[in-house]
Amino acid sequence: MAGSSGPHDDVPTTGHEWDGITEFNKPLPRWWLWTFYATVIWSIGYWVAMPAWPLIEGHTRGVLGYSQRAIVAEQLADSRAEQAHYLQRIVEAPLEEIRTDPELLSFALAGGRSAFAVNCSQCHGSGAEGSVGYPNLNDDDWLWGGSLEDIAYTIRHGVRNESDEDARFNEMPSYGRDELLEPAQIEAVVRYTMSLSSAGGAAAGEGAAIFAEECAICHGEDGKGIMELGAPNLTDAIWLYGGDYESIRAQVENARGGVMPNWGDRLPPETVKQLAIYVHSLGGGT
Amino acid sequence: MNAAPTQPMTADIGIIDVEPVNAAKHRPLYEKRVRIFPRAVSGRYRTMKWAALATILGLYYILPWLRWDRGSNAPDQAVLIDFPGQRFHFFFIEIWPQEVYYITGLLILAALILFLVSSVAGRIWCGYACPQTVWTDLFMWVERRIEGNRNAQMRLDRTPWTAQKLAKRAAKHGIWLLIAVATGGAWVFYFADAPTLAADLIRFEAPMVSYLFIGLLTGTTYLLAGHAREQVCTFMCPWPRIQGAMLDEHSMLVTYRRERGEPRGAHKRGQSWEGRGDCVDCKTCVAVCPMGIDIRDGNQLECINCALCVDACNDIMDRVGRPQGLIAYDTLAGLETQSAAAWPAWRRLQLLRPRTLLYAMSIVLVGSVMLATLLSRADTDIAVLRDRNPLFVQLSDGSFRNGYTIKLQNKRHEVRRFRLLVEGLPGAVLSAVGGGSDDTQVGPDQLRTLRVYVAAPLAATPGTVTPFEIIAADLATGERYPYATTFRRAE
């Protein structure tokens, strides 16, 4: 419009001009200013009423006493109160009943999963997949039994620890270190052990004789293990310390056995039961 | 700047008639709001505006009360935004939270339609359909019923407080508040079963949030339609600023024909029209304007294009015996050519322009995508998420097992039973985690999450990754819902 005579000629401008373009001065209505003052007053009231100013230590609390921490604590307490009913039922109900009640099952699985992440994943892995020397809890091979009661017992009392008299316990002799067998005999029995899980079936010979003499008492004459003794099945695909020749030989020469704490002393009974339900759901059998 | 201190002080210094262009008195930062008392007007556009008002208010108030039968397991309200149930019902359309892209599409569509309408017909939205316009119009109607027309209102405003003024003002604000309460009251019915909520509201048993929103919308309606009015459009709304980008010289606007009207001036009956414009400078166009502006100043940000000034000026032109259309809907291009022969303006309206075509094409595109997805929307859905920790588990017989999380969505309004099957892994066994039955029941209009294991013999898995399908089969109808996933094992 600049240059030509238009209907806006009497509108005051800001006095600025850029290449012939001028800027109208269009003042805001005064209520806009009052709105701004109102927000300023509001903010002052807010400082007084609500937590606002940081101090050297802490902050101003505000006269209304609003605290997000307190609200979270309240909400946590509410959640705990709601959980209490379920936790009570879990304490009282037998494991099998928890497993078959869909409501209790989903509660126990969720609780067990988080308890597992905190207490068990350090050794057994976050996916309970285990590693060498630490059993994989997802598979169907259970050293001490995979029923709900067996798993709960193992969790409660642990394995080979010294703090619980009822802990699961066994010990494999170290045939090499303690010179119970000659190196040639060890090689023979390892070869025989490997043949147990091979397609061709168990080999005969010196190894079989040594196995029957030394190993069968715990691992069984057929090598399928004895769960009551915690002796592993040597005929399947799962090897705690490795299934190749070197690994098996190392175990026969210098036997190892893992230690698991007795969680019954460390965790409340409902947590142990939830853990049992959770671990059983991963790969437990009946 | 060669100041000469030796010059005599008595020199005669004249005063120059000049002042700085940005002198303080020329640039006030804030202005007192000028009150507007729009005069009542009647005519073609006023009638259209009443019709639009009745339609929009009618829709707003009646919509939540319409019923739509969806069977016994779903609400029967035609339009319902069900937050607790996480569903949006719109007649035959039902939307789950994860389908919120339909809402996004609807908003995009609404924006594009607004762009198209603006580029063709200017600020139709502002003048006729915007809630701010509709409710302000309604409030002004109430105001005129009680306080009278423009002049009576101005008189009443100036008179000192008397019992009569108090009564009129109390009646006006009382009715305004009633309308405001009804506005907020209608709003909450969109979010709950309307008859139930209405009964609860009257018995003061409705949820607190209902009363809160009624109060909130009562306050905003009363404030915006009763008091803020044109200030909302001029100072608060972003659309008047944005719409400049939608308009061009072919957009329909309310315009004043300067060439025909000027030079303006008072006209006495019988006086000649030679050598003067048709505008008699009666300022009726300003008096009826709800924004309080003068359309003769040209297209302005404040102008909502409601065309009430067109009605007012046509009436004046009839009375002085000049042709109508001194103020009329026209395009800026039409004003340039000034061909009164090509009247009315819409006859030479140029509809096909790059911008209108682009907007129209976008509308068709978005609309058909939405329609296509809506029509092909599945009422049953299965999603399978494979476990990653651990990727697989070796079992004692050397075979492998994988874990999966399955989500089954049943969007039908009936309970359904599914059986989960495995296809593409011969000999594989599927079992529910934690035991339980093979068959899965999913409630009406619900989602169910399941954990399953699939154990497959080595023979079924030739490589480390074997593709296969998990299928949910409806036990009643036999419909099958497959989901392609993979089975993994160690080398």
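**Exercise 1.** Which residue is the bridge partner of D82(B) in β3(B)?

Solution. The model is predicted. Start with the strands: β2(B) is joined to strand β3 (residues 87–90) of chain B by four bridges. The two strands run antiparallel. Within this pairing, R87(B) in β3(B) is the bridge partner of D82(B).

**Exercise 2.** Work out which strands stand at the edges of the sheet formed by β2, β3 and β4 of chain B.

Solution. Write down the strand order: it is β2-β3-β4 (chain B), in an open sheet with antiparallel pairing. Next, look at the partners. β2 (79–82) and β4 (93–95) of chain B each have a single partner strand, so one side of each has no neighbour in the sheet. These two strands therefore stand at the edges. As for the angle, neighbouring strands of this sheet are turned by 10° against each other on average, direction ignored.

**Exercise 3.** Describe the side of chain B that touches chain A.

Solution. Begin with the counts: 26 residues of chain B are in contact with 30 residues of chain A. Then list the elements of chain B that give two or more residues to this side: β1 (30–31), α9 (230–236) and β8 (393–394). Sorted by class, the residues of this side are nine nonpolar, ten polar and seven charged.

**Exercise 4.** How many bridges join strand β3 (residues 28–29) of chain A to β1(B)?

Solution. Two bridges join these strands, which run parallel. To place one pair, take P29(A): the bridge partner of P29(A) in β1(B) is E31(B).

Definitions and conventions:
Residues are numbered from 1 along each chain as its sequence is written. Chains are lettered from A and ligands numbered from 1 in the order in which they are written. This is a predicted model: local features need pLDDT of at least 70, side-chain atom pairs count only at pLDDT 80 or more; totals for chains, interfaces and linings use all residues. Two residues are in contact if their C-beta atoms, placed from the backbone, lie within 7 Å. Ala, Val, Leu, Ile, Met, Phe, Trp, Tyr, Cys and Pro count as nonpolar, Asp, Glu, Lys and Arg as charged, and the others, Gly among them, as polar. Two strands pair if DSSP finds at least two bridges between them. Axes are lines fitted to C-alpha atoms, for helices over the stretch in contact, and angles run from 0 to 180 degrees between N-to-C directions.
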